[in-house]
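Here is a short report for a reader meeting this protein for the first time. Please look over the sequence and the structure before reading on.

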Amino acid sequence: MTTSYTDLQHLFEQRKKNPLFNTSYPLSPDDWAKYSTPGTLPFDSSGPIAFYIHIPFCSQICSFCEYTKMRVPSRDLQINYLNALGNQIERFIEQHPEMKIYGFDIGGGTPTSLDLFPGFMMWIREFLESQTFTFNFEPSIEGSFDTLVDDYLGQHKSFYIAKAGFKRLSLGVQSTSNTVLTPLHRNNISAAKMGKAIDEWHRLGISKINLDLMYGLPGQTLENIKKDIDIIRELNPEQVTVYEFRTNQLKTKYKPDSDICFNQYCELFDGLSRLGYFGEFGRNTFSRDRYDLGLSSYLRHRMFDGWQYKGFGISAQSMSPFGVSYNIGKNEAIEKLIDQNWLIKNGSTYEASTYYQLPRHEILNKFIAISGYSGGFSLAAAKNIFGNEFDTRYSTVIRFLRNENLATIKGDRLQLTETGFRHYGTALSLFY
Ligand code: SF4
């Protein structure tokens with residue numbers, strides 16, 4: 001059923017101030033309960049696939065973080081976890097021997113917080129050497145400065161990252177201000193230390209360093225953001241990703257103000273543009289290379305083309321043309337994970353026994369929410385998911401967004417304008 005133009009006007013005004021509408025979808029986990037189906041998510045074996053591996057361990061727990069994470073457990077529990085991951089990946093490959101891999105990201109948590117990191121990287125290297133990839137395959141790994149800056153004194157973790165074939169390393173900085181980070185229980189690393197580490201990674205052949213910055217954090221101001229930009233100038237990473245603080249999964253009363261978030265994003269966008277980074281307004285990724293979208297191949301195809309992906313490890317998400325699944329741990333109380341190491345002790349696999357078999361409009365909504373990070377979405381990919389009826393079904397929404405100067409059509413993309421980006425979650429939610 002199509003919504004009328006007047007209904008869209010009301011809906012837009014109603015949702016505008018509701019921070020629930022962002023890049024999270026579904027808006028509440030219960031929204032998909034009716035689609036729950038026994039079994040594991042099927043994949044389209046004629047298409048390529050990406051792997052995402054979740055390492056939920058961190059040496060510090062930051063209070064703004066929405067991800068499933070826990071303090072680094074004992075070596076025995078780390079071994080259990082990595083063994084379970086390895087078994088699950090090998091089993092998946094046995095079941096889908098024909099699939100080419102288009103992306104391979106390891107994230108978390110903080111993968112580099114593993115005590116067993118060198119051994120893990122050696123296993124990854126062997127695994128990758130035995131696989132077939134699409135031509136633009138670009139694996140990526142997340143790390144943190146506090147687990148890597150003094151690396152040359154210890155395990156040489158960076159050396160193993162390079163050896164395993166990763167050319168892209170992504171690290172969270174979030175903010176460079178102590179007044180912002182300290183109340184959020186996060187260490188600040190000096191620019192000198194970060195710069196020295198980046199030089200070392202480049203020397204090892206890790207040629208794309210991505211730094212994450214956040215905006216909308218409690219206590220953050222435009223002045224803080226200007227200082228963040230000064231540090232980016234000093235460090236000169238190849239890529240910068242900016243994230244809005246989201247609170248959907250957090251038990252906090254603090255709600256980021258949409259006007260403050262918009263102004264802080266504009267400050268970041270202007271600052272990064274002045275430094276020579278390329279990135280369309282509304283996108284969250286910026287790159288020194290104008291032809292590089294600032295993403296790993298997993299994120300690039302997931303966000304821009306809606307390609308399928310398989311997640312391994314606690315709480316990891318998978319998506320295919322048939323639906324979405326979340327591994328065990330997604331909706332578990334984090335206290336349970338932290339205090340009891342419950343999942344790591346008991347789980348030999350983290351796959352849930354059910355998945356969400358979704359109708360095409362829900363798969364489309366999920367794709368649009370994921371694409372929200374790029375400030376719009378590909379109409380061709382949307383039609384591929386929804387079918388040719390997409391034009392008829394959503395013509396009023398597109399007309400509304402264009403008439404109200406909230407979005408434009410650029411090539412095959414629907415891209416939010418500056419006005420649209422001010423309320424990006426609400427604008428894109430009109431498709432839901
Ligand atoms: S922000 Fe990074 S280091 Fe902090 S808790 Fe989350 S995953 Fe761990």
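The report below goes from the overall fold to single strands, a helix, the ligand shell and a few unusual backbone angles.

## Overall picture

This is a predicted model. The protein holds 17 helices and 17 strands. Its C-alpha atoms fill a box of roughly 65 × 50 × 40 Å along the principal axes. How does the radius of gyration compare with that of a compact globule? For 432 residues, such a globule would have a value near 22 Å; the protein has 21 Å, which agrees.

Buried residues make up 46% of the 432 residues. Contacts reach across the chain. Of those with a separation of 6 or more, 78% join residues 24 or more positions apart.

## Strand β2 and its partners

Start with β2 (49-55). Here 7 of the 7 residues are buried, so the rest of the structure largely encloses this strand. In a regular strand, side chains alternate between the two faces of the sheet. In β2, I49, F51, I53 and I55 point one way. A50, Y52 and H54 point the other way. Residues of both sets are buried.

Which strands pair with β2? β5 is joined to β2 by 7 bridges, and β11 is joined to β2 by 4 bridges. Both pairings are parallel. F51 has F104 of β5 as its bridge partner. For I53, the partner in β11 is F312.

## Helix α10

Helix α10 covers residues 297-305. Is α10 mostly covered or mostly open? It is mostly covered: 7 of its 9 residues are buried. They are S297, Y298, L299, R300, H301, R302 and M303. These residues pack against β2, β5 (101-108), β11 (309-312) and α13 (360-371). So strand β2 is enclosed, and α10 is among the elements that pack against it. After α10 comes G306, with a positive phi near 70°.

## A three-stranded sheet

Elsewhere in the chain, 3 strands form an open sheet. Their order is β15-β17-β16, and the pairing is antiparallel. β15 (376-378) and β16 (407-410) stand at the edges. Each has a single partner strand, so one side of each is left without a neighbour in the sheet. From one strand to the next, the twist averages 20°.

β15 pairs with β17 (residues 413-416) over 3 bridges, in the antiparallel sense. One of the matched pairs is G376 with Q415 of β17.

## Around the ligand

Which residues surround the ligand? They are C58, Q60, I61, C62, C65, Y67, K69, G108, G109, T110, S144 and G172. By class, this shell has 5 nonpolar, 6 polar and 1 charged residues.

Two residues of the shell, G108 and G109, share a cis peptide bond, with omega near 20°. G109 lies in the loop between β5 and α3 (117-129). The C-alpha atoms of G109 and M70 are separated by 7.7 Å, although the two are 39 residues apart along the chain. M70 lies in strand β4 (residues 70-71). M70 counts as buried because 23 C-beta neighbours lie inside 10 Å.

## Unusual backbone angles

Most residues other than glycine have a negative phi, and most peptide bonds are trans. The cis bond from G108 to G109 departs from the trans form. Q174 and N236 have a positive phi although neither is a glycine. The table sets out their values.

| Residue | Phi | C-beta atoms within 10 Å |
|---|---|---|
| Q174 | about 70° | 24 other atoms |
| N236 | about 55° | 12 other atoms |

Where do these two residues lie? Q174 is in strand β7 (residues 168-174). N236 is in the loop between α8 (222-235) and β9 (239-244). Which state goes with each, buried or exposed? Q174 is buried, because 24 other C-beta atoms lie within 10 Å. N236 is exposed, with 12 such atoms within 10 Å.

Terms used:
Residues numbered from 1 in each chain as written. Predicted model: local features only at pLDDT ≥ 70, side-chain atom pairs only at ≥ 80, totals over all residues. Rg over C-alpha atoms; globule rule 2.2 N^0.38 Å. Buried ≥ 20, exposed ≤ 12 C-beta atoms within 10 Å, placed from the backbone. Contact = placed C-beta atoms within 7 Å. Pairing = 2+ DSSP bridges. Axes fitted to C-alpha atoms, helices over the stretch in contact; angles between N-to-C directions. Near = placed C-beta within 6 Å. Nonpolar A, V, L, I, M, F, W, Y, C, P; charged D, E, K, R; others polar.
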